[in-house]
Amino acid sequence: MRRVARRADGRLPVVQPGAAVFDPDAINVPMAEVRRLAAEEGRDPSRLGMIPRVYPTAAGTAENNVEALVRSEQQAGVEHAFVELMNVARDIDHSLEIVHRVLDLARGT
């Protein structure tokens, strides 16, 4: 965490929808510590970003993914996320199906 605070532009915490219920403290608390350490290093902590890496599990659903993304935005101030589908998608077409389902759910359609 000190190295992140001293040198990085932000942090990439891992979120696994389907493995557990999303807890915003799991990403907020460590990020608050990184920002505190950055201030100690003389850096502006508000300049550090956070982009969660979302790794869906086979046990999870598109709804779990959307819940984690929406709650990350609402309860952790996350503006961007990276969703990695390599552990759940069978092929490119399946990846696209998952992406479309998640986007449709997130948009409320």
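**View 1. Glu 63 and Arg 101 meet in a salt bridge, at 2.7 Å from N to O.** A salt bridge here is a side-chain nitrogen of Lys or Arg within 4 Å of a carboxyl oxygen of Asp or Glu. This pair links distant parts of the chain: Glu 63 belongs to helix α3 (residues 62-76), Arg 101 to helix α4 (residues 92-107), and their positions lie 38 residues apart in number. Helices (H or I, at least four residues) and strands (E, at least two) are DSSP runs, numbered from the N terminus. Glu 63 is partly exposed, with a relative accessible area of 42%. Arg 101 is partly exposed too, at 40%. Buried means under 20% relative accessible area, exposed over 50%, and partly exposed in between (1.4 Å probe, protein chains only). The model is predicted: local features need pLDDT of at least 70, side-chain atom pairs count only at pLDDT 80 or more, and totals for chains, interfaces and linings use all residues. Residues are numbered from 1 along each chain as its sequence is written, and side-chain values use heavy atoms, with hydrogens and water left out.

**View 2. Arg 71 forms a salt bridge with Glu 67.** Their closest N and O atoms are 3.5 Å apart. Both residues sit in helix α3, four residues apart, so about one helical turn separates them. Glu 67 is partly exposed, with a relative accessible area of 32%.

**View 3. Glu 40 and Arg 36 form a salt bridge within helix α2.** The closest N and O atoms are 2.4 Å apart. Helix α2 covers residues 25-40, and the two partners are four residues apart, about one turn of the helix. Arg 36 is partly exposed, at 39% relative accessible area. The pair also belongs to a network of salt bridges that links Arg 2, Glu 33, Arg 36 and Glu 40. In total, the structure holds five salt bridges.

**View 4. Leu 12, Ile 51 and Phe 82 make a nonpolar surface patch.** The patch measures about 260 Å². Patches are made of residues with over 30% relative accessible area and no salt bridge; like charges are joined within 9 Å, nonpolar side chains (Val, Leu, Ile, Met, Phe, Trp, Tyr) within 5 Å. Accessible areas come from the Shrake-Rupley method with a 1.4 Å probe; for residues, only the protein chains shown count as cover. Ile 51 lies in the loop between β3 (49-50) and β4 (53-54). Ile 51 counts as partly exposed, with 34% relative accessibility.

**View 5. Three strands form an open sheet in the order β2-β4-β5.** The pairing is parallel. The edge strands, β2 (14-15) and β5 (82-83), each pair on one side only. Two strands pair if DSSP finds at least two bridges between them. β4 and β5 pair in the parallel sense over two bridges. Val 54 stands opposite Val 83 in β5.

**View 6. The whole protein has four helices and five strands.** From the N terminus on, the elements run α-β-β-α-β-β-α-β-α. The C-alpha trace spans about 45 × 25 × 20 Å along its principal axes. Of the 109 residues, 28% count as buried. The protein averages a pLDDT of 89, and 99% of the residues score at least 70. pLDDT is the predictor's confidence in each residue, from 0 to 100. Among the elements, α2 has the highest mean pLDDT (94) and α3 the lowest (87).
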